[in-house]
Amino acid sequence: MFARFLLSSLLIILPVSAMAGEIDVSGFVGLETRVFTQSPQHTDQESNPEVSAIFNPEFRYRNGDHQFSFIPFYRRDSRDEERSHFDVREAYWLYVDDDWEFLTGINKIFWGVAESRHLVDIINQTDTVEDLDGEDKLGQPMVSVTKYNDWGQVSIFALPGFRERTFPGSDGRFRGPLLVDTDNARYESGEKEKHVDFAARYSHYFGDWDVGLSHFYGTGREPRLVLNTAGTALEPHYDIINQTGTDIQYTMNAWLWKFEGIFREGQGEAFAAATGGFEYTFYQVFESAADIGVLTEYHYDGRHADAPATGFDSDIFIGARLAMNDIQDTEVLAGFSIDPDSDEVFYNLEAQRRIGNNYELELRARFFSGGDPGEASFPLEKDDYIQIRFARYF
Amino acid sequence: MKMLSLKPLSKGRNLQPNLESQKKDMPSSSKFELWKIKWRVLGTALVLGLVSLTLFSSVPAAAETPEEKGFAVAARSDRSDRGFNDSIVDMTMILHNAHGQETSRSLKTKTLEVPDESLGDKSVVVFESPADISGTALLSHARILDPDNQWLYLPALKRIKRISSVNKSGPFVGSEFAFEDFTALELGKYDYKYIKEEPCGDMTCDVLERTPKYEHSGYSKQLSWIDQSVYQVRKVEFYDRRGGLLKVLDLTDYREYDGGIWRTHKMHMENKQTGKSTDLIYSDYKFKTGMNNNDFEKGVLKRVR
């Protein structure tokens, strides 16, 4: 299904590509290394540094009211063959007619306001092998219509072609003792990955309030991981769910107050989950050009044991963001999430800086501590790492 | 001057209903009296018109305070821009550090004129380079004394994020321009005071002092030089919160577009305290492209590049 969609998308893109000279080419190539500070937990995992190459070109073409986008993505990983993967992040045709938009093809859609968890965001499958933060997504085939009104923006999506979540292979880190057998995914729907999902969203702002309301019906992106009959691996089980979500931000002076909430049915007993918090920014601290923002978010998740496991059952995230506002756009985000019930802590540091005009250096460090065997992130206990990426943008 | 000519006209129009009611009450024989009244009314309108013309011209009027005159000069400059509807322009920003090294960025700005002076214009700034931030876009709905509404688009996440706009005095993408140097161009954002008249280049300029009325400004005051021929801002001096001279902005290479719209094509901002400077070069202005409010909604940021 996905391959067919990709092919038809390419058929749209290719004739356009023939009209050379008008196509806007951008994107990046990058080299990345991850150094793990501890020996691995599981026998197959390697302990030497992991090295990856990433190729992410972006092609865009605009002709009057028509826009085309094609963004392939490829990662080649030295260690984990599941992490080496190709994806089409975008391949769409967009037609804009005054206050209407029609889009066909593969695209990425982001919904939400929070920083440390993206609850409401549901259109795209998470590309787990890319990063643990849930912000890397697989391209989703879709047909969508958007209408702009005085009273807000309304979008409707038909989503044919389900994308399975990616999971690390036997050589990879960030996994438990049993691998996820992605070749044997189970679906609640008899149509399996061909089930057409639907979603709708309303978003608008009222003075200082930005409000979004959304609904999703179809195959949930989060699988339940169930032990196979032989007891040798975990099978991902994808259920049909209904999920209603809302995201609200109140912007007052230097304060951003944020809330995201969902209600989900279809994975065992229905449950609600929410994230709420704030971000406050001190501008031009110590008479410099730099800004420092402080962030706090609280996560609640009411899911039961029959729903997919989450590491966000009752966590507090506290962080700080430093923006130097210099020519190199130097930025640092540091924070930690703590689960008051288990004292489990997850530390996160992200920093980036432009070098010259076209290069970027990015540092990420993630540490885990105090894990309980019962907690979702326990398998990550020995996976503390420092990641450095050097990218050339064009 | 186009706007000013409306003033006496509208005054005459306001008097018209009174004239009509008098006409009804009057006996038909006194047509001559009616003519006399008509002439008197028109005469009054003419005088009022001349007075207001005087008020708004640069000739000093005895009854005018420096504040009124300052406002009048600023208003005339602001209104000289009326009727541009919308514009799209490419910009190159060149940042010079104190050691003479330079870096450049390119961006595109789309602006929608909001004719109501109690509301501000709408604008979208899209970055084209450096490559790592290409596609990043900033949407602003300017307001007069309340903080502007601003949304930032982050292309890597395809995320549209409402951001705080209180950071008026912070540097815009590492340049010597502050956010407020772009967003605080609305007439109602300042108190004005007329200072003096002096030559500027081969023209004569009115020099005004303007004091920000909005909160969180990094400036205690600004001095602005507005020429007396086409009413454009030629130079601005920015004074920091302690009253010291912080930055000097020179606006040059003005060109006239259809409808008498003038636009500078080079701005040079020099920081007098650090020695750093930023040039902003404008090219390829397009006006009346047919954009409307729908082109300035937060949802369009993801397809604006």
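In this predicted model, strands β7 (residues 190–200) and β8 (residues 203–212) of chain B run antiparallel and are joined by ten bridges. Within that pairing, B:Lys193 has B:Glu209 of β8(B) as its bridge partner. The two strands form a hairpin with two residues between them, and in the turn B:Gly201 has a positive phi of about 60°.

The hairpin leads on to the interior of chain B, since β7 and β8 are among the elements of chain B that each supply at least two residues to the largest nonpolar core, alongside α3, β1 (86–96), β9 (219–227), β10 (233–240), β11 (245–252) and β14 (266–271). This core has 27 residues, of which B:Val73, B:Leu208 and B:Ile226 touch the most other members. Its largest share, four residues, comes from α3(B). Such a grouping can be set beside a general tendency: in soluble globular proteins, nonpolar side chains tend to be buried together.

The surroundings of B:Leu208 show how these parts meet. Leaving aside neighbours within four places in sequence, B:Leu208 is in contact with B:Gly70, B:Val73 and B:Ala74, with B:Tyr192, B:Lys193, B:Tyr194 and B:Ile195, and with B:Ser224 and B:Ile226. Among these contacts, B:Gly70, B:Val73 and B:Ala74 are also found in the list of buried residues of α3(B), which further includes B:Lys69, B:Phe71, B:Ala72 and B:Ser77. Helix α3(B) itself covers residues 66–79, and because 14 residues at 1.5 Å a residue should span 20 Å, the 20 Å between its end C-alpha atoms agrees with expectation.

Elsewhere in chain B, the backbone contains a cis peptide bond, which runs from B:Ser129 to B:Pro130 with omega near 5°. B:Pro130 lies in the loop between β3 (122–129) and β4 (137–141) of chain B.

Turning to chain A, strand β1 (residues 24–36) and strand β2 (residues 50–63) run antiparallel and are joined by eleven bridges, with A:Arg34 standing opposite A:Glu50 of β2(A). Strand β2(A) is in turn joined by nine bridges to β3 (residues 66–77) of chain A, again in an antiparallel arrangement, and here A:Arg60 stands opposite A:Ser69 of β3(A). The hairpin of β2(A) and β3(A) has two residues between the strands, and A:Gly64 takes a positive phi near 60° in it.

Further along chain A, three strands form an open sheet of mixed pairing, in the order β8-β12-β11. Its edge strands, each pairing on one side only, are β8 (186–187) and β11 (224–227) of chain A. Four bridges pair β11(A) in the antiparallel sense with β12 (residues 234–238) of chain A, and one of the pairs places A:Leu225 with its bridge partner A:Pro236 in β12(A).

The loops on either side of β8(A) each hold a residue whose backbone deserves a second look. In the loop between β7 (152–159) and β8 of chain A lies A:Phe174, whose phi near 55° is a positive value in a residue other than glycine; with 19 other C-beta atoms within 10 Å, A:Phe174 is partly exposed. In the loop between β8 and β9 of chain A lies A:Lys192, which is not a glycine either and yet has a positive phi of about 50°; it too counts as partly exposed, because 14 other C-beta atoms lie within 10 Å. Strand β9 (residues 197–206) of chain A contains A:Phe206, which counts as exposed because it has 9 C-beta neighbours inside 10 Å. Between A:Phe206 and A:Gly161, 45 residues apart along the chain, the C-alpha atoms are separated by 36 Å.

The two chains meet in a contact that takes 34 residues from chain A and 23 residues from chain B. On the side of chain A that touches chain B, the elements giving two or more residues are β6 (140–149) and β13 (240–252) of chain A. By class, this side of chain A has twelve nonpolar, twelve polar and ten charged residues.

How far chain A can be read in detail depends on the confidence of the prediction. Its mean pLDDT is 90, and 93% of its residues reach 70 or more. Among the elements of chain A, strand β10 (residues 209–219) has the highest mean pLDDT, 98, and helix α1 (residues 2–17) the lowest, 54. Where pLDDT is low, the predicted coordinates should not be read in detail.

Note on methods
Residues are numbered from 1 along each chain as its sequence is written. Chains are lettered from A and ligands numbered from 1 in the order in which they are written. This is a predicted model: local features need pLDDT of at least 70, side-chain atom pairs count only at pLDDT 80 or more; totals for chains, interfaces and linings use all residues. Two residues are in contact if their C-beta atoms, placed from the backbone, lie within 7 Å. Ala, Val, Leu, Ile, Met, Phe, Trp, Tyr, Cys and Pro count as nonpolar, Asp, Glu, Lys and Arg as charged, and the others, Gly among them, as polar. Two strands pair if DSSP finds at least two bridges between them. A residue is buried if 20 or more other C-beta atoms lie within 10 Å of its own, exposed if 12 or fewer, and partly exposed in between; C-beta atoms are placed from the backbone. pLDDT is the predictor's confidence in each residue, from 0 to 100. The expected span of a helix is 1.5 Å times one less than its number of residues. A nonpolar core is a set of buried Ala, Val, Leu, Ile, Met, Phe, Trp, Tyr and Cys residues joined through C-beta atoms within 7 Å.
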